[in-house]
Amino acid sequence: MNKKLWEQYADWKENYRFVDLTHELSPETPHWAGFPAMDVLRLFDYPVGFRTHEFRLVSQYGTHVDAPVHFIPGGRELQDIAVEEMILPLCVIDVSAKVADNWDYVTTLEDIQEWEKTYGEIPAGSFVAVRTDWSKREDMNNYDDEGNRHYPGWSMEALKYLVETRNVAAIGHEPADTDSATNAREKGFLCEIYVLEQNRYQVELMNNLSEVPPVGSLIFCGFPKAKNAAGFTARCIAICPKD
């Protein structure tokens with residue numbers, strides 16, 4: 001009997017931390033401003049012996065995964081993402097101090113290269129998340145007086161480096177978009193299109209990245225095997241060293 005995985009799990013429980021990277025799902029959950037809030041209807045309750053709910057929400061609601069077909073015709077759908085892609089080494093790049101000074105900040109190639117000088121080369125097949133601490137805000141849309149949103153994003157140069165040089169499997173971020181709100185408004189969703197066009201998936205509206213170290217963790221991305229789906233609400237966790 002091979003019990004090595006059970007032994008590893010026991011070690012994880014004792015020596016590692018489990019961090020929930022997901023927003024709670026409710027009508028108050030942060031979501032892209034163009035989507036309506038979810039609606040919840042209680043269909044049955046305990047007098048009949050059980051409780052059930054009907055949930056009505058868009059597929060990309062709250063913390064969610066985007067499959068390539070979300071923007072790319074003929075791209076992979078959720079059921080095409082292999083289970084091996086759902087458990088990955090996790091790298092967290094912290095630009096929260098820069099975002100605090102500039103809400104429209106985009107993560108640059110220099111940010112990634114500086115990270116690699118400290119922590120080593122980003123491994124192929126990894127999940128790279130950018131920490132902005134945007135998930136800690138009550139107002140994640142951050143409208144200005146003219147009704148324009150302001151929140152951070154990725155730069156195209158940074159994403160091309162991650163995909164074409166480091167061959168990462170997926171990316172993630174705390175705001176509702178890959179592109180900063182200003183860039184999306186002025187140029188369109190160019191960064192998001194690029195990532196999905198490269199046959200990668202991404203997770204948006206991540207939470208608690210401030211609780212995860214830059215290196216050494218694993219991310220588990222859970223989402224339904226929904227047929228023909230372009231995305232879905234997700235539950236992601238990180239397993240992190242305690243020290």
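D111 is a buried residue, with a relative accessible area of 8%; buried means under 20%, exposed means over 50%, and partly exposed is what lies in between, using a 1.4 Å probe and protein chains only. D111 also shares a salt bridge with K98, at 2.5 Å from N to O. Keep in mind that this is a predicted model, where local features need pLDDT of at least 70 and side-chain atom pairs count only at pLDDT 80 or more, while totals for chains, interfaces and linings use all residues. Residues are numbered from 1 along each chain as its sequence is written, and side-chain values use heavy atoms, with hydrogens and water left out.

**Salt bridges**

- A salt bridge here is a side-chain nitrogen of Lys or Arg within 4 Å of a carboxyl oxygen of Asp or Glu, and by that rule the count is 11.
- Back to K98 and D111: K98 sits in helix α2 (residues 96-101) and D111 in helix α3 (residues 109-119), so their bridge ties together parts that are 13 residues apart in sequence. Helices are DSSP runs of H or I with at least four residues, strands are runs of E with at least two, and both are numbered from the N terminus.
- Unlike buried D111, K98 is partly exposed, with a relative accessible area of 41%.
- R235 pairs up with D20, and their closest N and O atoms are 2.8 Å apart. That pair links distant parts of the chain, 215 residues apart: R235 belongs to strand β13 (residues 235-241) and D20 to strand β1 (residues 16-20).
- Is R235 buried or exposed? R235 counts as exposed, at 52% relative accessibility, while its partner D20 is partly exposed at 25%.
- D133 and R131 form another salt bridge, at 2.8 Å from N to O, and both of these residues are buried.
- Which residues join D133 and R131 in a network of salt bridges? They are D94 and K136.

**Helix α4 and what follows**

- Helix α4 covers residues 156-165, and its buried residues are A158, L159, Y161, L162 and V163.
- Here's a handy bit of background: an α-helix has 3.6 residues a turn, so residues three or four places apart point the same way.
- Several elements help cover the buried residues of α4, including β6 (106-107), α3, β7 (127-131), β8 (153-154), β9 (170-173) and α6 (190-197).
- After α4 comes N167, which has a positive phi, near 55°.

**R166, in the loop**

- R166 is found in the loop between α4 and β9, and counts as buried at 14% relative accessibility.
- The side chains of R166 and E116 are joined by a polar contact of 2.7 Å. A polar contact is a pair of N or O atoms within 3.5 Å; within protein, one must be able to donate a hydrogen and the other to accept it, and residues adjacent in sequence count only if both atoms are side-chain atoms.
- Leaving aside neighbours within four places in sequence, R166 is in contact with E116, E121, I122, P123, A124, G125 and Y161, where contact means heavy atoms within 4.5 Å.

**Cysteines**

- How many disulfides does a search of the whole structure find? The search finds zero, a disulfide being a pair of cysteine sulfur atoms within 2.5 Å.
- C91 is in no disulfide, and the nearest cysteine sulfur, that of C240, is 12 Å away. That is too far for a bond.
- Both cysteines are tucked in by the area cut-off: C91 counts as buried at 4% relative accessibility, and C240 is buried at 0%.
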